Amino acid sequence: GTAVGTVLQTRCSNNNDVTYSFSAAGDIQQGRDSWDGCRSLKRGDTIPVSFSLVDPTQNMAGDAHTRFITETISLTIASILGAIVVAVVFLYPSRKHRN
């Protein structure tokens with residue numbers, strides 16, 4: 001599920017750490033996560049929160065779907081580039097010149 005969270009505290013020097021609260025299934029939940037825009041937040045500001053409908057204590061700041069897609073694309077690009085480097089190293093080994 002998704003909800004609007006309210007910023008309770010920021011610790012931007014600690015990995016952009018943000019503590020927030022949100023309402024899910026009629027209960028107030030709290031969460032903590034890294035938030036890129038930490039330095040622009042203050043207590044009482046709102047941020048989007050994604051949470052598990054089965055267990056709202058499992059939550060994260062931001063849109064879980066967008067974060068999943070972004071991380072998947074990053075990992076895919078890294079894997080492809082890594083495979084290219086390995087292929088180049090093994091298929092085209094450095095040739096030593098004989099004098």
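The link of C12 and C38 is left-handed, with -90° about the S-S bond. The pair connects distant parts of the chain, 26 residues apart. C12 sits in the loop between β1 (2-11) and β2 (17-24). C38 sits in the loop between β3 (27-34) and β4 (46-51). The model is a predicted one. In it, the sulfur atoms of C12 and C38 lie 2.0 Å apart, forming a disulfide. The count of disulfides comes to one. Both ends of the link were examined for accessibility. C12 has a relative accessible area of 14%, and it is buried because this value falls under 20%. C38 is likewise buried, at 0% relative accessibility.

The strands form an open sheet. Five of them are arranged in the order β3-β2-β1-β4-β5, and the pairing is antiparallel. β3 and β5 (59-61) are the edge strands, each pairing on one side only. On average, neighbouring strands of this sheet are turned by 40° against each other, direction ignored.

Strand β1 was followed to its partners. Five bridges connect β1 with β2, and the two run antiparallel. Within this pairing, T10 has V18 of β2 as its bridge partner. The hairpin of β1 and β2 has five residues between the strands. One of its residues, N15, takes a positive phi near 60°. β1 also pairs with β4, in the antiparallel sense and over five bridges. Here G5 is matched with I47 of β4. T6 is matched with T46, again in β4.

Charged contacts come next. The structure holds five salt bridges. One of them joins the side chains of D17 and R11, at 2.7 Å from N to O. D17 is buried, with 7% relative accessibility. R11, by contrast, is partly exposed, with a relative accessible area of 32%.

A second contact ties the sheet to helix α1. The side chains of D33 and R67 meet in a salt bridge of 2.9 Å, N to O. This pair links distant parts of the chain: D33 belongs to strand β3 and R67 to helix α1, 34 residues apart. D33 counts as buried, since its relative accessibility is 15% and the limit is under 20%. R67 is partly exposed, with a relative accessible area of 32%.

R67 has a further partner. Its side chain also meets that of E71 in a salt bridge, at 3.8 Å from N to O. Both residues lie in helix α1, four residues apart, which is about one turn of the helix. E71 is partly exposed, with a relative accessible area of 45%. Elsewhere, salt bridges that share partners join R11, D17 and R32 into one network.

Helix α1 spans residues 64-91 and includes V88. V88 is partly exposed, at 43% relative accessibility. V88 is also one of the residues that make a nonpolar surface patch of about 1000 Å². The other contributors are F68, I69, I73, I77, I80, L81, I84, L91 and Y92.

G82 is placed in helix α1 as well. At 31% relative accessibility, G82 counts as partly exposed. Between G82 and T19, the C-alpha to C-alpha separation is 36 Å in space. In sequence, G82 and T19 are 63 residues apart.

Note on methods: Residues are numbered from 1 along each chain as its sequence is written. This is a predicted model: local features need pLDDT of at least 70, side-chain atom pairs count only at pLDDT 80 or more; totals for chains, interfaces and linings use all residues. Side-chain values use heavy atoms; hydrogens and water are left out. A disulfide is a pair of cysteine sulfur atoms within 2.5 Å. Buried means under 20% relative accessible area, exposed over 50%, partly exposed in between (1.4 Å probe, protein chains only). Patches are made of residues with over 30% relative accessible area and no salt bridge: like charges are joined within 9 Å, nonpolar side chains (Val, Leu, Ile, Met, Phe, Trp, Tyr) within 5 Å. Accessible areas come from the Shrake-Rupley method with a 1.4 Å probe; for residues, only the protein chains shown count as cover. A salt bridge is a side-chain nitrogen of Lys or Arg within 4 Å of a carboxyl oxygen of Asp or Glu. Two strands pair if DSSP finds at least two bridges between them. Axes are lines fitted to C-alpha atoms, for helices over the stretch in contact, and angles run from 0 to 180 degrees between N-to-C directions.
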